[in-house]
Amino acid sequence: MRWTIAALLVAALAGCSSTPKGFEIPGQAFGCPTGDAKVSSMDDLVKLKVMSEGRRTTIQPTEMRCSRSGDLLKIDANLNNDSSTVKRIAYKFRWIDREGMRAWEEENWKPLLMYENSNLVINTVSPTNRAADFRLILRSQE
Amino acid sequence: MSAQPRTPGLALALALAALLVAGCAAPEKTRYGDAKSVETLTNQFGSTDLQMIAESMTRSMLQAPVIVSGNLPIVTVQEVRNKTSEYIDTRSITDTIRSELQKGGKVRFAVDAVGMSPQIDEIKRQQGEYYAREQAVEKGQMVGAQYRMEGNITSIVKQVKDTKDVYYKFNLQLWNIRNGLLEWSDEKEIRKTTTRG
(Lines give C-alpha, C1' and ligand atoms only; values in the text may rest on other atoms or scores of the structure.)
Protein backbone atom coordinates (compact mmCIF):
# COMPACT_ATOMS: atom_id res chain seq x y z
CA MET A 1 0.00 0.00 0.00
CA ARG A 2 2.79 2.38 0.99
CA TRP A 3 4.56 1.62 -2.29
CA THR A 4 1.41 2.25 -4.27
CA ILE A 5 0.95 5.72 -2.68
CA ALA A 6 4.62 6.55 -3.27
CA ALA A 7 4.35 5.47 -6.92
CA LEU A 8 1.21 7.54 -7.36
CA LEU A 9 2.92 10.61 -5.86
CA VAL A 10 5.92 10.22 -8.17
CA ALA A 11 3.60 9.83 -11.16
CA ALA A 12 1.64 12.96 -10.15
CA LEU A 13 4.82 14.99 -9.76
CA ALA A 14 6.15 13.77 -13.11
CA GLY A 15 2.82 14.69 -14.69
CA CYS A 16 3.03 18.23 -13.29
CA SER A 17 6.59 18.79 -14.44
CA SER A 18 5.83 17.63 -17.98
CA THR A 19 3.14 20.30 -18.45
CA PRO A 20 4.56 22.56 -21.19
CA LYS A 21 5.30 26.09 -20.03
CA GLY A 22 3.26 28.85 -21.59
CA PHE A 23 0.18 26.75 -22.16
CA GLU A 24 -1.33 27.19 -18.73
CA ILE A 25 -4.08 29.60 -19.77
CA PRO A 26 -6.57 28.50 -22.45
CA GLY A 27 -6.49 30.75 -25.53
CA GLN A 28 -2.88 31.73 -24.91
CA ALA A 29 0.52 30.39 -25.91
CA PHE A 30 3.72 31.80 -24.50
CA GLY A 31 1.55 34.57 -23.06
CA CYS A 32 0.30 35.57 -26.52
CA PRO A 33 -3.39 35.47 -27.40
CA THR A 34 -4.23 32.60 -29.76
CA GLY A 35 -8.03 32.45 -29.63
CA ASP A 36 -9.34 29.14 -30.94
CA ALA A 37 -6.23 28.42 -33.03
CA LYS A 38 -4.38 25.21 -32.22
CA VAL A 39 -0.91 26.20 -31.08
CA SER A 40 1.30 23.45 -29.73
CA SER A 41 4.76 24.86 -30.39
CA MET A 42 6.68 28.11 -30.90
CA ASP A 43 6.65 27.47 -34.67
CA ASP A 44 2.84 27.31 -34.61
CA LEU A 45 2.71 30.60 -32.73
CA VAL A 46 5.10 32.29 -35.17
CA LYS A 47 3.06 31.01 -38.14
CA LEU A 48 -0.11 32.34 -36.53
CA LYS A 49 1.22 35.79 -35.69
CA VAL A 50 3.66 36.67 -38.47
CA MET A 51 2.62 37.88 -41.91
CA SER A 52 4.49 39.08 -44.94
CA GLU A 53 3.45 42.06 -47.05
CA GLY A 54 5.21 43.33 -50.13
CA ARG A 55 8.61 41.87 -50.91
CA ARG A 56 9.25 38.71 -48.90
CA THR A 57 12.16 38.50 -46.52
CA THR A 58 14.13 35.53 -45.28
CA ILE A 59 14.17 37.06 -41.79
CA GLN A 60 11.83 35.19 -39.52
CA PRO A 61 11.05 35.37 -35.83
CA THR A 62 12.35 32.36 -33.93
CA GLU A 63 10.58 33.22 -30.72
CA MET A 64 7.68 35.38 -29.59
CA ARG A 65 6.56 36.06 -26.07
CA CYS A 66 3.83 38.23 -24.68
CA SER A 67 3.04 39.62 -21.28
CA ARG A 68 0.87 42.34 -19.77
CA SER A 69 1.98 45.84 -18.89
CA GLY A 70 -1.00 47.12 -16.92
CA ASP A 71 -3.91 46.53 -19.29
CA LEU A 72 -1.70 46.68 -22.38
CA LEU A 73 -0.23 43.80 -24.36
CA LYS A 74 3.56 43.70 -24.36
CA ILE A 75 5.34 41.74 -27.11
CA ASP A 76 8.89 40.54 -27.62
CA ALA A 77 9.82 38.99 -30.96
CA ASN A 78 13.26 37.54 -31.56
CA LEU A 79 14.21 37.97 -35.22
CA ASN A 80 16.93 35.85 -36.74
CA ASN A 81 19.15 36.48 -39.74
CA ASP A 82 20.95 33.21 -40.39
CA SER A 83 22.34 34.32 -43.74
CA SER A 84 25.89 35.54 -44.27
CA THR A 85 24.77 38.96 -45.52
CA VAL A 86 23.36 42.05 -43.85
CA LYS A 87 19.59 42.26 -44.31
CA ARG A 88 17.37 45.31 -44.31
CA ILE A 89 13.74 44.84 -43.49
CA ALA A 90 10.76 46.88 -42.33
CA TYR A 91 8.20 45.76 -39.80
CA LYS A 92 5.00 46.89 -38.16
CA PHE A 93 2.44 45.52 -35.77
CA ARG A 94 -1.26 45.33 -36.48
CA TRP A 95 -3.61 45.56 -33.52
CA ILE A 96 -6.87 43.64 -33.41
CA ASP A 97 -9.71 43.94 -30.90
CA ARG A 98 -11.88 41.21 -29.37
CA GLU A 99 -14.30 41.32 -32.30
CA GLY A 100 -11.52 40.83 -34.83
CA MET A 101 -11.68 44.46 -35.97
CA ARG A 102 -8.73 46.82 -36.11
CA ALA A 103 -8.12 48.22 -32.65
CA TRP A 104 -5.77 50.94 -33.89
CA GLU A 105 -4.91 52.62 -37.13
CA GLU A 106 -2.22 51.04 -39.30
CA GLU A 107 1.25 51.58 -37.87
CA ASN A 108 4.07 53.06 -39.90
CA TRP A 109 6.73 50.75 -41.32
CA LYS A 110 9.86 50.76 -39.18
CA PRO A 111 13.18 50.08 -40.93
CA LEU A 112 15.53 47.58 -39.33
CA LEU A 113 19.08 46.54 -40.13
CA MET A 114 20.11 43.01 -39.24
CA TYR A 115 23.75 42.01 -39.29
CA GLU A 116 24.74 38.68 -40.79
CA ASN A 117 24.24 35.64 -38.53
CA SER A 118 22.56 37.68 -35.82
CA ASN A 119 19.50 37.86 -33.62
CA LEU A 120 17.60 40.99 -32.69
CA VAL A 121 14.70 41.40 -30.31
CA ILE A 122 12.02 43.88 -31.30
CA ASN A 123 9.56 44.80 -28.64
CA THR A 124 6.47 46.90 -28.41
CA VAL A 125 3.40 47.51 -26.33
CA SER A 126 -0.14 47.84 -27.63
CA PRO A 127 -1.22 51.48 -28.10
CA THR A 128 -4.61 50.88 -26.50
CA ASN A 129 -6.26 48.45 -24.10
CA ARG A 130 -8.78 47.67 -26.86
CA ALA A 131 -6.04 45.62 -28.57
CA ALA A 132 -6.63 41.98 -27.69
CA ASP A 133 -4.55 40.40 -30.45
CA PHE A 134 -1.84 41.36 -32.93
CA ARG A 135 0.04 40.44 -36.07
CA LEU A 136 3.68 41.15 -36.83
CA ILE A 137 4.12 42.14 -40.47
CA LEU A 138 7.49 41.96 -42.20
CA ARG A 139 8.74 43.08 -45.59
CA SER A 140 12.10 43.21 -47.28
CA GLN A 141 13.73 46.60 -47.83
CA GLU A 142 16.51 45.26 -50.07
CA MET B 1 7.06 96.90 -88.72
CA SER B 2 7.21 93.50 -87.02
CA ALA B 3 10.39 91.41 -86.78
CA GLN B 4 10.02 88.56 -89.25
CA PRO B 5 12.60 85.82 -89.91
CA ARG B 6 14.49 86.71 -93.03
CA THR B 7 14.21 83.31 -94.67
CA PRO B 8 11.61 80.51 -94.55
CA GLY B 9 14.48 78.13 -93.68
CA LEU B 10 15.27 80.02 -90.47
CA ALA B 11 11.59 80.08 -89.46
CA LEU B 12 11.36 76.35 -90.01
CA ALA B 13 14.51 75.72 -87.94
CA LEU B 14 13.12 77.82 -85.07
CA ALA B 15 9.82 75.98 -85.15
CA LEU B 16 11.61 72.61 -85.11
CA ALA B 17 13.80 73.69 -82.18
CA ALA B 18 10.72 74.78 -80.22
CA LEU B 19 9.07 71.41 -80.90
CA LEU B 20 12.21 69.59 -79.82
CA VAL B 21 12.40 71.48 -76.51
CA ALA B 22 8.72 70.82 -75.83
CA GLY B 23 9.20 67.15 -76.66
CA CYS B 24 12.22 66.75 -74.36
CA ALA B 25 10.42 68.02 -71.26
CA ALA B 26 9.39 64.87 -69.34
CA PRO B 27 5.66 64.66 -68.74
CA GLU B 28 4.69 65.16 -65.11
CA LYS B 29 3.03 62.31 -63.28
CA THR B 30 1.49 62.62 -59.82
CA ARG B 31 0.46 59.64 -57.77
CA TYR B 32 -0.59 59.11 -54.18
CA GLY B 33 1.84 57.13 -52.06
CA ASP B 34 1.83 55.33 -48.73
CA ALA B 35 2.24 57.90 -45.94
CA LYS B 36 3.44 55.12 -43.63
CA SER B 37 6.15 53.73 -45.89
CA VAL B 38 9.89 53.98 -45.23
CA GLU B 39 11.13 57.22 -46.82
CA THR B 40 14.81 57.32 -47.81
CA LEU B 41 14.94 60.11 -50.40
CA THR B 42 17.61 62.06 -48.52
CA ASN B 43 19.29 61.67 -45.16
CA GLN B 44 17.65 64.79 -43.75
CA PHE B 45 15.03 64.44 -41.04
CA GLY B 46 12.00 62.89 -42.72
CA SER B 47 8.54 61.47 -42.22
CA THR B 48 9.78 58.01 -41.19
CA ASP B 49 11.98 59.57 -38.50
CA LEU B 50 9.08 61.61 -37.17
CA GLN B 51 6.76 58.60 -37.13
CA MET B 52 9.31 56.29 -35.51
CA ILE B 53 10.16 58.82 -32.79
CA ALA B 54 6.52 59.57 -32.01
CA GLU B 55 5.56 55.89 -31.86
CA SER B 56 8.56 54.88 -29.79
CA MET B 57 8.03 57.70 -27.27
CA THR B 58 4.30 57.10 -27.00
CA ARG B 59 4.61 53.36 -26.39
CA SER B 60 7.34 53.90 -23.84
CA MET B 61 5.40 56.59 -22.00
CA LEU B 62 2.34 54.32 -21.83
CA GLN B 63 4.42 52.06 -19.57
CA ALA B 64 5.47 54.86 -17.22
CA PRO B 65 4.22 54.24 -13.65
CA VAL B 66 2.37 57.59 -13.53
CA ILE B 67 0.34 56.55 -16.58
CA VAL B 68 -0.07 52.85 -15.73
CA SER B 69 -1.58 53.90 -12.38
CA GLY B 70 -4.70 54.80 -14.38
CA ASN B 71 -5.37 58.17 -12.74
CA LEU B 72 -5.57 59.94 -16.11
CA PRO B 73 -2.71 62.34 -15.44
CA ILE B 74 -2.99 65.83 -16.89
CA VAL B 75 -0.01 66.78 -19.00
CA THR B 76 1.03 69.97 -20.74
CA VAL B 77 3.36 69.93 -23.72
CA GLN B 78 6.37 72.20 -23.57
CA GLU B 79 9.08 72.80 -26.08
CA VAL B 80 11.22 70.17 -27.75
CA ARG B 81 14.43 72.04 -28.46
CA ASN B 82 15.96 71.49 -31.87
CA LYS B 83 19.73 71.31 -31.34
CA THR B 84 20.44 69.91 -34.78
CA SER B 85 21.90 71.87 -37.67
CA GLU B 86 18.78 71.49 -39.80
CA TYR B 87 15.26 72.84 -39.57
CA ILE B 88 12.95 70.37 -37.82
CA ASP B 89 9.38 71.18 -36.89
CA THR B 90 9.54 69.73 -33.36
CA ARG B 91 5.98 70.89 -32.71
CA SER B 92 4.88 68.36 -35.31
CA ILE B 93 6.59 65.58 -33.33
CA THR B 94 4.96 66.58 -30.03
CA ASP B 95 1.60 67.02 -31.78
CA THR B 96 1.78 63.41 -33.02
CA ILE B 97 2.82 62.14 -29.58
CA ARG B 98 -0.04 64.07 -28.00
CA SER B 99 -2.60 62.72 -30.49
CA GLU B 100 -1.46 59.12 -29.96
CA LEU B 101 -1.59 59.43 -26.16
CA GLN B 102 -4.95 61.18 -26.24
CA LYS B 103 -6.42 58.48 -28.52
CA GLY B 104 -5.13 55.79 -26.17
CA GLY B 105 -7.25 57.36 -23.44
CA LYS B 106 -4.57 57.14 -20.76
CA VAL B 107 -3.59 60.80 -20.56
CA ARG B 108 -5.40 64.14 -20.60
CA PHE B 109 -3.81 67.28 -21.92
CA ALA B 110 -4.10 70.77 -20.51
CA VAL B 111 -3.75 73.80 -22.73
CA ASP B 112 -0.09 74.57 -23.33
CA ALA B 113 1.77 77.88 -23.60
CA VAL B 114 1.14 78.07 -27.36
CA GLY B 115 -2.59 77.47 -26.96
CA MET B 116 -2.99 79.80 -23.98
CA SER B 117 -3.50 83.00 -25.93
CA PRO B 118 -6.40 81.72 -28.09
CA GLN B 119 -7.89 80.05 -24.99
CA ILE B 120 -7.93 83.33 -23.05
CA ASP B 121 -9.23 85.20 -26.09
CA GLU B 122 -12.16 82.77 -26.32
CA ILE B 123 -12.96 83.09 -22.58
CA LYS B 124 -12.91 86.89 -22.88
CA ARG B 125 -15.08 86.74 -25.99
CA GLN B 126 -17.69 84.59 -24.23
CA GLN B 127 -17.79 87.05 -21.35
CA GLY B 128 -18.73 89.83 -23.72
CA GLU B 129 -22.20 91.37 -23.93
CA TYR B 130 -23.25 89.22 -26.92
CA TYR B 131 -23.30 85.90 -25.03
CA ALA B 132 -25.90 84.52 -22.60
CA ARG B 133 -24.47 84.95 -19.10
CA GLU B 134 -25.61 81.53 -17.82
CA GLN B 135 -23.88 79.63 -20.65
CA ALA B 136 -20.68 81.65 -20.92
CA VAL B 137 -17.59 80.05 -19.38
CA GLU B 138 -16.35 81.63 -16.18
CA LYS B 139 -12.85 82.77 -15.45
CA GLY B 140 -10.80 80.64 -13.11
CA GLN B 141 -12.21 77.26 -14.16
CA MET B 142 -9.25 75.97 -16.17
CA VAL B 143 -7.45 72.90 -14.85
CA GLY B 144 -3.69 73.07 -14.48
CA ALA B 145 -1.42 70.25 -15.59
CA GLN B 146 0.25 67.87 -13.13
CA TYR B 147 3.07 66.99 -15.51
CA ARG B 148 4.96 68.78 -18.23
CA MET B 149 6.50 67.10 -21.24
CA GLU B 150 9.67 68.51 -22.73
CA GLY B 151 12.67 67.30 -24.64
CA ASN B 152 15.31 67.91 -27.20
CA ILE B 153 16.62 66.54 -30.45
CA THR B 154 20.32 66.56 -31.28
CA SER B 155 22.29 65.34 -34.25
CA ILE B 156 25.84 64.48 -35.20
CA VAL B 157 26.63 64.79 -38.89
CA LYS B 158 29.83 63.50 -40.44
CA GLN B 159 30.87 63.44 -44.06
CA VAL B 160 33.85 61.84 -45.70
CA LYS B 161 34.10 62.04 -49.49
CA ASP B 162 30.94 60.41 -50.82
CA THR B 163 29.60 59.11 -47.52
CA LYS B 164 27.42 61.16 -45.18
CA ASP B 165 26.39 59.84 -41.80
CA VAL B 166 23.66 61.43 -39.68
CA TYR B 167 22.90 60.38 -36.14
CA TYR B 168 19.79 61.74 -34.39
CA LYS B 169 19.00 61.44 -30.72
CA PHE B 170 15.54 62.41 -29.49
CA ASN B 171 15.04 62.68 -25.75
CA LEU B 172 11.69 63.23 -24.06
CA GLN B 173 11.00 63.79 -20.38
CA LEU B 174 7.93 63.93 -18.18
CA TRP B 175 8.38 66.20 -15.16
CA ASN B 176 6.16 66.38 -12.09
CA ILE B 177 5.24 70.07 -11.85
CA ARG B 178 4.41 69.95 -8.12
CA ASN B 179 7.63 68.43 -6.82
CA GLY B 180 9.99 68.81 -9.77
CA LEU B 181 10.71 65.09 -10.02
CA LEU B 182 11.48 63.44 -13.32
CA GLU B 183 8.76 60.80 -13.64
CA TRP B 184 9.70 59.31 -16.99
CA SER B 185 12.31 59.78 -19.69
CA ASP B 186 13.28 57.91 -22.82
CA GLU B 187 15.39 58.27 -25.93
CA LYS B 188 15.18 57.21 -29.54
CA GLU B 189 18.28 56.99 -31.70
CA ILE B 190 18.31 56.97 -35.49
CA ARG B 191 21.29 56.52 -37.79
CA LYS B 192 21.16 57.19 -41.52
CA THR B 193 24.04 56.83 -43.93
CA THR B 194 24.03 58.02 -47.51
CA THR B 195 26.64 56.96 -50.04
CA ARG B 196 26.96 58.42 -53.50
CA GLY B 197 27.59 56.34 -56.56
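**Exercise 1. Find which residue's side chain joins that of Arg135(A) in a polar contact of 3.3 Å, then describe the surroundings of Arg135(A).**

Step 1. The side chain partner of Arg135(A) is Asp133(A), and the polar contact between the two is 3.3 Å. A polar contact here is a pair of N or O atoms within 3.5 Å; within protein, one must be able to donate a hydrogen and the other to accept it, and residues adjacent in sequence count only if both atoms are side-chain atoms.

Before going on, a word on the model: it is predicted, local features need pLDDT of at least 70, side-chain atom pairs count only at pLDDT 80 or more, and totals for chains, interfaces and linings use all residues. Residues are numbered from 1 along each chain as its sequence is written, chains are lettered from A and ligands numbered from 1 in the order in which they are written, and side-chain values use heavy atoms, with hydrogens and water left out.

Step 2. Place the residue: Arg135(A) belongs to strand β9 (residues 133-140) of chain A. Helices (H or I, at least four residues) and strands (E, at least two) are DSSP runs, numbered from the N terminus.

Step 3. Look for a backbone partner: a polar atom of the Arg135(A) side chain lies 3.5 Å from the backbone oxygen of Leu48(A).

Step 4. Widen the view to contacts, meaning heavy atoms within 4.5 Å. Leaving aside neighbours within four places in sequence, Arg135(A) touches Leu48(A), Lys49(A), Met51(A), Lys92(A), Phe93(A), Arg94(A) and Ile96(A).

**Exercise 2. Work out the strand order of the open sheet of 3 strands in chain A.**

Step 1. The order is β4-β5-β8, and the pairing is antiparallel. Two strands pair if DSSP finds at least two bridges between them.

Step 2. Find the edges: β4 (60-69) and β8 (118-125) of chain A each pair on one side only.

Step 3. Check the twist: neighbouring strands of this sheet are turned by 15° against each other on average, direction ignored. Axes are lines fitted to C-alpha atoms, for helices over the stretch in contact, and angles run from 0 to 180 degrees between N-to-C directions.

Step 4. Zoom in on one pair: 9 bridges link β4(A) with β5 (residues 72-81) of chain A in the antiparallel sense. Here Arg68(A) faces Leu73(A) of β5(A).

**Exercise 3. Trace the open sheet of 5 strands in chain B.**

Step 1. Its order is β2-β1-β3-β4-β5, with mixed pairing. β2 (108-109) and β5 of chain B each have a single partner strand, so one side of each is left without a neighbour in the sheet.

Step 2. Start with the parallel pairs. Strand β1 (residues 74-82) of chain B is joined to β2(B) by 2 bridges, with Ile74(B) partnered by Arg108(B). β1(B) also runs parallel to β3(B), over 6 bridges, and Arg81(B) stands opposite Asn152(B) there.

Step 3. Turn to the antiparallel pairs. β3(B) and β4(B) share 14 bridges; their hairpin has 2 residues between the strands, and Lys161(B) in the turn has a positive phi of about 50°. β4 (residues 163-176) and β5 (residues 182-195) of chain B share 13 bridges; in this hairpin, with 5 residues between the strands, Gly180(B) takes a positive phi near 75°.

Step 4. Add a helix: α4(B) lies across β1, β2, β3 and β4 of chain B, at about 155° to β1(B).

**Exercise 4. Describe how chain B and chain A meet.**

Step 1. Chain B gives 16 residues to the contact and chain A gives 22 residues.

Step 2. The two chains bury about 1,600 Å² between them, 51% of it on carbon and sulfur atoms. Buried area is the accessible area (1.4 Å probe) that two parts lose on being put together, summed over both. On the chain B side, Lys36(B), Val38(B) and Arg59(B) lose the most area, together 35% of what that side buries.

Step 3. Count the salt bridges between the chains: there are 5. A salt bridge is a side-chain nitrogen of Lys or Arg within 4 Å of a carboxyl oxygen of Asp or Glu. One links Asp71(A) to Lys106(B), with the closest N and O atoms 2.5 Å apart. Glu105(A) and Lys36(B) form a salt bridge at 3.1 Å, N to O. Glu105(A) lies in the loop between β6 (87-96) and β7 (110-114) of chain A and Lys36(B) in the loop between α1 (8-24) and α2 of chain B, so the pair joins two chains.
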